[in-house]
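User: I should like to learn how to read a structure of this kind, beginning with a single element and then widening the view. Please guide me through it.

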Amino acid sequence: MKAIVIGGGLVGAACADALARHSALNGQAARVTVLEPGPVGGGATAAGMGHLVVMDDSPAQLALTARSLELWEALAPALPSQADYHGCGTLWVASDEEELAAVEPKRRAYLAAGREATLLDAAELARAEPNLRPGLAGALRVPGDSVVYAPVVAQFLLERAGATVRREAVAELRDGGVRLESGEMLRADVVVVANGIGAVSLLPGLPLRQRKGHLLITERGPIHVHHQLVELGYLKSAHGNDEDSVAFNVQPRPTGQLLIGSSRQFEQPDREIDWPLLRRMLRRAAEFLPALENISALRIWTGQRCASPDHLPLVGPHPHLDGVFLATGHEGLGITTALGTAELLAAQVFGVPSELLAHDFTPARFDRLPEVAHA
Amino acid sequence: MPERTLAVLTLEGVRVTVPAGTTVLAALQNAGLSPLRRSLSGEARGALCGMGSCSECRAVVDGLTVRTCLTPVHDGQSVQRLGIVNREV
């Protein structure tokens, strides 16, 4: 089988790996070519936090993230040490009793999806994370969540797939292949569009929007944090509406550095740092971790998530182009769900079973939505 | 010869006199304080770009971690390498 994957981020690399492995299982040697004009894992893959997190905004999202976490656990022993895979777990921090009361349905949903989740009261939270400010109501602890340095994983998966990586940009999708910007035509049985927001330039009707985020990394410092810490209010701010938003989201790196997020802004395609928004983001973080005020930042950067209208990725065949599959629109969960996406894609391409087929991730689901009608 | 303005600062407890207008990084290098710090795995680290981009020249000046290549010297400054502050040299 001949396959082309457009995009050498983690989603593209995971898809290349899954296509190569399933093809080998069928007794066919797969020839996978990955087209990536930039560095491997140099786009949204490098810009994000690498937080592997189960989320339950919808049953489909819960299924995809929970399955992906299982796949990460299976992959972890094979990863190179530079991938910094680290099972720190997540604490969803409740600011008040109202937020804490909303945790119980979330906990039950996680358990039903096979993910451990326990409730911490205020005292237990203070013992688990002594640097959090006093007066918080408690937290939901999800011990199976992890963090990873995703660009290294992308490179690892491409090598494992035996994929040929070509530093070329695609100009056009054609029936049975692609035309490169150089003019060269490449033919393939399967073409996977996995270049994040770049998919829009190849398929202008896709209902995808850029959603910019800011991240900051501190120097190694005196503040010890043990879990990835996220405020429960994140669930409201992350997907609530179209306005600029910030939320407390801090990750301990294995080096002792802290990675601080998060922000969300639609329609800001530039890479510039929005200093007022950054200030809001850091003020929010310091409300939860007051000691952050005394620690220096090493670097600040921005990245672009690729958001779909229902916050679920587009994974599946293009409704009108033969042999073209999509794997894009992962918004802030592309690192977590790259492995589940690849499993789902392989199930669609090779007709093998996957529990993820029970949910509709296909691009065709948007034909019913007004967002596409005018796009 | 034109008169040069001098600044007196303290580098890890030692008083040194340097020309005003130079950087804390230059003062550290002239004093032979090397390496500036160590990586987590113990590798020696020091100034690389000299223009504020790489952050490799960080040290603690008057209690704050700064990029020393961008920090002008002035009278009375107290400078310590990060390794001394973090007791990891």
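Analyst: We may begin with one helix. The buried residues of H7(A) are A:Ala150, A:Pro151, A:Val152, A:Val153, A:Ala154, A:Gln155, A:Phe156, A:Leu157, A:Leu158 and A:Ala161. Please keep in mind that this is a predicted model.

User: How is such a list to be read, and why is H7(A) largely enclosed by the rest of the structure?

Analyst: An α-helix has 3.6 residues a turn, so residues three or four places apart point the same way. In this case, 10 of the 12 residues of H7(A) are buried, so the helix is largely enclosed by the rest of the structure.

User: Which elements do the buried residues of H7(A) pack against?

Analyst: They pack against three helices and two strands of chain A: helix H1 (10-25), helix H2 (44-47), helix H11 (334-350), strand S2 (31-35) and strand S8 (164-166). As for its length, H7 covers residues 150-161 and reaches 16 Å from its first C-alpha to its last, close to the 16 Å expected at 1.5 Å a residue. Just after H7(A), A:Gly162 takes a positive phi of about 65°.

User: Let us turn to a loop residue. Where is A:Asn195 found, and is A:Asn195 buried or exposed?

Analyst: A residue counts as buried if 20 or more other C-beta atoms lie within 10 Å of its own. A:Asn195 has 28 such atoms within 10 Å, and is therefore buried. Its place is the loop between strand S12 (190-193) and helix H8 (199-202) of chain A.

User: Which residues does A:Asn195 touch, not counting residues up to four places away in sequence?

Analyst: It touches A:Ile6, A:Gly7, A:Gly12 and A:Thr328. A:Thr328 lies 133 residues away along the chain, yet the two C-alpha atoms are separated by 6.8 Å.

User: How does chain A appear as a whole?

Analyst: Chain A has 12 helices and 19 strands. Its radius of gyration is 20 Å, close to the 21 Å that the globule rule gives for 375 residues, so chain A is as compact as a globular protein of that length. Of these residues, 51% count as buried. Among contacts between residues at least 6 apart in sequence, 75% join residues at least 24 apart.

User: How many residues of chain A are in contact with chain B?

Analyst: Contact involves 4 residues of chain A and 4 residues of chain B. The side belonging to chain A has 1 nonpolar, 2 polar and 1 charged residues.

User: What scores does the model have?

Analyst: Its ipTM is 0.71 and its pTM is 0.90. Chain B averages a pLDDT of 89, and 90% of its residues score at least 70. Where pLDDT is low, the predicted coordinates should not be read in detail.

Note on methods:
Residues are numbered from 1 along each chain as its sequence is written. Chains are lettered from A and ligands numbered from 1 in the order in which they are written. This is a predicted model: local features need pLDDT of at least 70, side-chain atom pairs count only at pLDDT 80 or more; totals for chains, interfaces and linings use all residues. pLDDT is the predictor's confidence in each residue, from 0 to 100. Helices (H or I, at least four residues) and strands (E, at least two) are DSSP runs, numbered from the N terminus. Two residues are in contact if their C-beta atoms, placed from the backbone, lie within 7 Å. Ala, Val, Leu, Ile, Met, Phe, Trp, Tyr, Cys and Pro count as nonpolar, Asp, Glu, Lys and Arg as charged, and the others, Gly among them, as polar. The radius of gyration is taken over C-alpha atoms; the globule rule is 2.2 Å times the number of residues to the power 0.38. The expected span of a helix is 1.5 Å times one less than its number of residues.
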